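Reader: I am new to this structure and would like a close look at one part of it, the place where the ligand is held. Please start there and then go on to whatever else helps me read the model.

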Amino acid sequence: MKGLLSFFAKRYIAGEERKDAIGVVRRLNARGILATIDNLGEHVKDLPHAEEAVREYLGLLNDIRDAGVDSTVSLKLSHLGLAISEEIAERNAEVIIKRGLELGNSVTFDMEGSRYTRKTIDIFLGLHERYPNTAIAIQSCLYRSASDVQLLIERGASVRLVKGAYKEPPDIAFPKKRDVDRNFEGLMKSLLLKGKNPAIATHDERLINEAIRFAEENHVSKERFEFQMLLGIKRSLQRRLAESGYRVRAYVPYGPDWLPYMLRRMRERRENLFFVIKNLFD
Ligand code: FDA
């Protein structure tokens, strides 16, 4: 089982160390693809681990500068102590964002499960007022996201629109995938028309083609938005879009705590689960 898991991890994760992530980004950049690097980790329960994450991000920002690669960073507030307190997570995030600003880099807040949604948005809005080099992921699976997107547009904040990777109850999230997709399309169009440098983060080719069609129809130029995809997924599509002049950014995760991230990726695709089950019984 362990071998099978690490077989999948190799596809979706750059490696265990910062230098692995930088190496992957260098290769992506050579193909015209930008990156955002994420140090894997979540639900940290004690202060020393949250502080260790801050040190890792500061090292990462320095390494991005030293290597001269084109990459932002992405983080999860629960990696920085949100499960301990909002104050600790905010203080830790600010240290990273401040250093990012000094280096001319930017920081995107990932969005986690719904128990953290409101807290993540509140902390983001407070920091965004002082630090324009910040962006936030919003999930189209949640009913609340239409009003969150509206507010973020009004505040001039950059949004990365995703479908949502966490299982959520039907009182707060669309239970049917087709409604999640429909909501994604509506929010995507609002962001393309009124958002600040929105990121359309999906591998769904129908939605990507619709974004291209809608942007052309409404004279939204290619520089005003970007496509984002995860490392290891739809690689040829990433290359094709970049070659056609679109901004494409790959999300590059690294670190030893890769299991929760990888399980989310496996859940998203039935073929992945079938592959594991088949090999377990072979
Ligand atoms: P959908 O699930 O409909 O997939 C469309 C097609 O893409 C599939 O048919 C398949 O071909 C391919 N595909 C999708 N997932 C695959 C996989 N794991 N392996 C192989 N092929 C796959 N979520 C979240 O809750 N918070 C966040 O902060 C982020 N951040 C984030 C950043 C970026 C850059 C991306 C691209 C995605 C995220 N996500 C996320 C994850 C997101 O919510 C969602 O779970 C995945 O992107 C899968 O959904 P799709 O939009 O690709 O559509």
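Author: The ligand sits in the largest pocket. The model is a predicted one, and what follows should be read with that in mind. The elements that each give two or more residues to the shell around the ligand are helix H1 (2-12), strand S4 (134-139), strand S5 (158-162) and S7. Of these, S7 supplies the largest share, three residues. The ligand has 27 residues around it, and the ones that come nearest are Met-111, Gly-164, Thr-202, His-203 and Glu-268.

Two of those nearest residues also make polar contacts through their side chains. In His-203, an N or O atom of the side chain is 2.6 Å from an oxygen atom of the ligand. In Glu-268, a polar side-chain atom lies 2.6 Å from an oxygen atom of the ligand. Ala-165 takes part through its backbone, where a polar atom is 2.9 Å from a ligand oxygen. As for cover, the ligand taken alone exposes 930 Å², and the protein buries 87% of that.

Next come the charged pairs. The model has 27 salt bridges. One of them joins Lys-234 to Glu-205, with the closest N and O atoms 3.2 Å apart. Lys-234 lies in the loop between strand S7 (226-230) and helix H9 (235-243), and Glu-205 is in helix H8 (residues 205-217), so this pair ties together parts that are 29 residues apart in sequence. Strand S7, which gives three residues to the ligand shell, thus borders the loop that holds Lys-234. Both partners are partly exposed: Lys-234 has a relative accessibility of 35%, and Glu-205 has 32%. Salt bridges that share partners also join Glu-185, Lys-189, Arg-206, Glu-210, Arg-213 and Glu-217 into one network.

Other salt bridges stay within a single helix. Asp-181 pairs with Lys-177, the closest N and O atoms being 3.1 Å apart. Both residues belong to helix H7 (residues 177-194) and are four residues apart, about one turn of the helix. The two ends of this bridge differ in exposure: Asp-181 is buried because its relative accessibility, 13%, is under 20%, whereas Lys-177 is exposed at 55%. Helix H7 also holds Arg-182 and Asp-179, three residues apart and separated by about one helical turn. Those two form a salt bridge as well, with the closest N and O atoms at 3.0 Å. Arg-182 counts as exposed, with a relative accessibility of 53%.

Last, the backbone has two places to check. Most residues other than glycine have a negative phi. His-43 is not a glycine, yet its phi is positive, about 55°. His-43 lies in the loop between strand S1 (34-39) and helix H3 (47-67), and at 28% relative accessibility it counts as partly exposed. His-219 likewise has a positive phi, near 55°, in a residue other than glycine. Its place is in the loop between H8 and S7. With a relative accessibility of 71%, His-219 counts as exposed. The loop that holds His-219 thus runs between H8 and S7, and S7 is the strand that gives the largest share of the shell around the ligand.

Notes. Residues are numbered from 1 along each chain as its sequence is written. This is a predicted model: local features need pLDDT of at least 70, side-chain atom pairs count only at pLDDT 80 or more; totals for chains, interfaces and linings use all residues. Side-chain values use heavy atoms; hydrogens and water are left out. A salt bridge is a side-chain nitrogen of Lys or Arg within 4 Å of a carboxyl oxygen of Asp or Glu. Buried means under 20% relative accessible area, exposed over 50%, partly exposed in between (1.4 Å probe, protein chains only). A residue is near a molecule or strand if one of its heavy atoms lies within 4 Å of it. A polar contact is a pair of N or O atoms within 3.5 Å; within protein, one must be able to donate a hydrogen and the other to accept it, and residues adjacent in sequence count only if both atoms are side-chain atoms. Accessible areas come from the Shrake-Rupley method with a 1.4 Å probe; for residues, only the protein chains shown count as cover. On a 1 Å grid over the protein atoms alone, a cavity is a set of points where a 1.4 Å probe fits but cannot get out, and a pocket is an open set with protein on both sides within 12 Å along at least five of seven lines; lining residues have an atom within 4 Å of a point. A molecule sits in a cavity or pocket if more than half of its atoms lie within 2 Å of its grid points.
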